[in-house]
Amino acid sequence: MGKGKDKFKPRSSLATRAVHAGEYPKRYADSLTTPIFQTSTYTFRDSKEIEEYTKNNKERYEYGRYGNPTEKIAERRLADLEGAEECVLFSSGMNAITTTILALVHSGDHMVITDDSYKKTLEFCKLYLKRFGVECSIVPFGDYDALEGAIKENTRFIFSESPTNPYLNVFDLVKIKEIATKYNLLTLIDSTFATPLNQRPLEFGMDLVIHSATKYLAGHNDILAGVVLGRSELIEEIKDLHRSLGGVIDPHCCYLLLRGLKTFPLRVARQNESALKVARFLEKHPDIDRVYYPLLESHRHYTIAKEQMKGGGGVVTFDIRGDLQRARRFLDSLELCYIAPSFGGVETLINHPATVSYYNYTREQRYELGITDTLFRLAVGIEDVDDIIEDVDSALRKSRL
Ligand SMILES: *Cc1c(COP(=O)(O)O)cnc(C)c1O
């Protein structure tokens, strides 16, 4: 694997960089594609090589948990796309989130998180951090006074997400930065729903950006991966703990991620366009009660979304008229849209939070969280948008009594 200047780096277009960034110009065995270095360890030719590595800090690979060339190239590409100094990959989005939080806190510390965050992230902060003496305040999303009021002397960072699941609420990154600066806190943002094409948190001064690369970045519903991006000094701290916790991504996954990244700007641009079209269609549909999409004028955070985001992403959330029985009939009438959790891939998926993610909640608990019986989250894929609309429309009609 040759070293040298990344000849594609100065090109400003995300589309070009998505295809090429991070690769080394000198290709291994002249292969156009990045090889999968399917190895768990790396050999030293002789004692001199060991010495060069241990004593003279020669850059090379030692053992799989500490790094892999396919992984390195994927990290370089992701850092380039997000405009970050450094990047670290993980075996899943949750692994990225938990390792990052654990790397930043000590017993006796406090953190603030917004209540609209990913369910498992909240669960980790609420249930597990307590065991290690780390306190966590959960504040209502969008209430910036409550957020500021929750800050204590031992607060280390603010963790938020934008847009959020399933209502696609958008967090004001300018406001959060102001508050964080005032109290000298780090800011972490889970930007999974936006991707580097639609939202650039580092340009708003966020310290760390996290993605579940399982979603748009890999984009084909075939791998799990997570990524954290930011300044070198912070990423190095996270990497140290990552090496101990060991939730590393495997080389084959890195290859699939690199392959997915090549088309990521194309796919997400298409998903932005199709999702907006679907959202506008649903907004006028007589069987729909409400539609939630950041770039619909009716969305509560439309103004911030418009300023902060280039596109609204591929997820459209909506409430249909009727009851749980009707919701079931609607699901069962869909033909093109697969019933599945997740989003960001090429296939259009539909999720019914009431019976999937919140199946073990009582109806009252669900309604308190806004998860109604008739709420759906449509993850628009890259199929022809008219086919997607036709499928949803036809299922809505078939589900009428
Ligand atoms: C999916 C998701 C995660 C978790 O990522 P995994 O790759 O499934 O572990 C975290 N945050 C958000 C916003 C997500 O959508």
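**Exercise 1. Which side chain makes a polar contact of 2.9 Å with that of Glu 86?**

Before starting, keep in mind that this is a predicted model.

Step 1. Find the residue: Glu 86 belongs to strand β1, which covers residues 86-90.
Step 2. Check its cover. The relative accessible area of Glu 86 is 15%. Buried means under 20%, so Glu 86 is buried.
Step 3. Look for the partner. The side chain of Lys 239 joins that of Glu 86 in a polar contact of 2.9 Å.

**Exercise 2. Work out which residues hold the ligand's polar atoms at short range, and how much of the ligand the protein buries.**

Step 1. Start with the shell. There are 14 residues around the ligand, and those that come nearest are Gly 93, Asp 190, Ser 212, Thr 214 and Lys 215.
Step 2. Go through the polar pairs. From Gly 93, a polar backbone atom is 2.8 Å from a ligand oxygen. Asp 190 brings a side-chain N or O atom to 2.7 Å from a nitrogen of the ligand. With Thr 214, a polar side-chain atom and an oxygen atom of the ligand are 2.6 Å apart.
Step 3. Now the area. On its own the ligand exposes 380 Å², and 91% of that is buried by the protein.
Step 4. Place the ligand: its site is the largest pocket.
Step 5. Sort the shell by type. You should get six nonpolar residues, five polar ones and three charged ones.
Step 6. Ask who contributes. Helix α4, residues 93-104, gives the most to the shell, with three residues.

**Exercise 3. Classify Gln 199, Asp 393 and Lys 126 as buried, partly exposed or exposed, and add one distance for each.**

Step 1. Take Gln 199, in the loop between α8 (195-198) and β6 (208-212). Its relative accessibility is 1%, so Gln 199 counts as buried. For the distance, try Ala 21: Gln 199 and Ala 21 are 178 residues apart in sequence, and their C-alpha atoms are 19 Å apart in space.
Step 2. Move on to Asp 393 in helix α15, residues 385-398. At 18% relative accessibility, Asp 393 counts as buried too, because the limit for that class is under 20%. Its side chain has a polar contact of 2.7 Å with the side chain of His 285.
Step 3. Finish with Lys 126, which sits in helix α5, residues 119-128. Here the relative accessibility is 48%, so Lys 126 counts as partly exposed; exposed would need over 50%. Ten residues along the chain separate Lys 126 and Cys 136, and their C-alpha atoms are 6.7 Å apart.

**Exercise 4. Run a backbone check: find cis peptide bonds before proline, then non-glycine residues with positive phi.**

Step 1. Scan omega. The bond from Ser 162 to Pro 163 is cis, with omega near -15°. The bond from Asn 165 to Pro 166 is cis as well, with omega near -5°.
Step 2. Locate the prolines. Pro 163 is in the loop between β4 (155-161) and α7 (173-182), and Pro 166 is in the loop between β4 and α7.
Step 3. Scan phi. Asn 57 has a positive phi, near 55°, and Ser 342 has one near 80°.
Step 4. Give each a setting. Asn 57 falls in the loop between α2 (47-54) and α3 (69-82). With a relative accessible area of 64%, Asn 57 is exposed. Ser 342 falls in the loop between β10 (338-339) and β11 (349-351).

Terms used. Residues are numbered from 1 along each chain as its sequence is written. This is a predicted model: local features need pLDDT of at least 70, side-chain atom pairs count only at pLDDT 80 or more; totals for chains, interfaces and linings use all residues. Side-chain values use heavy atoms; hydrogens and water are left out. A residue is near a molecule or strand if one of its heavy atoms lies within 4 Å of it. A polar contact is a pair of N or O atoms within 3.5 Å; within protein, one must be able to donate a hydrogen and the other to accept it, and residues adjacent in sequence count only if both atoms are side-chain atoms. Accessible areas come from the Shrake-Rupley method with a 1.4 Å probe; for residues, only the protein chains shown count as cover. On a 1 Å grid over the protein atoms alone, a cavity is a set of points where a 1.4 Å probe fits but cannot get out, and a pocket is an open set with protein on both sides within 12 Å along at least five of seven lines; lining residues have an atom within 4 Å of a point. A molecule sits in a cavity or pocket if more than half of its atoms lie within 2 Å of its grid points. Helices (H or I, at least four residues) and strands (E, at least two) are DSSP runs, numbered from the N terminus. Ala, Val, Leu, Ile, Met, Phe, Trp, Tyr, Cys and Pro count as nonpolar, Asp, Glu, Lys and Arg as charged, and the others, Gly among them, as polar. Buried means under 20% relative accessible area, exposed over 50%, partly exposed in between (1.4 Å probe, protein chains only).
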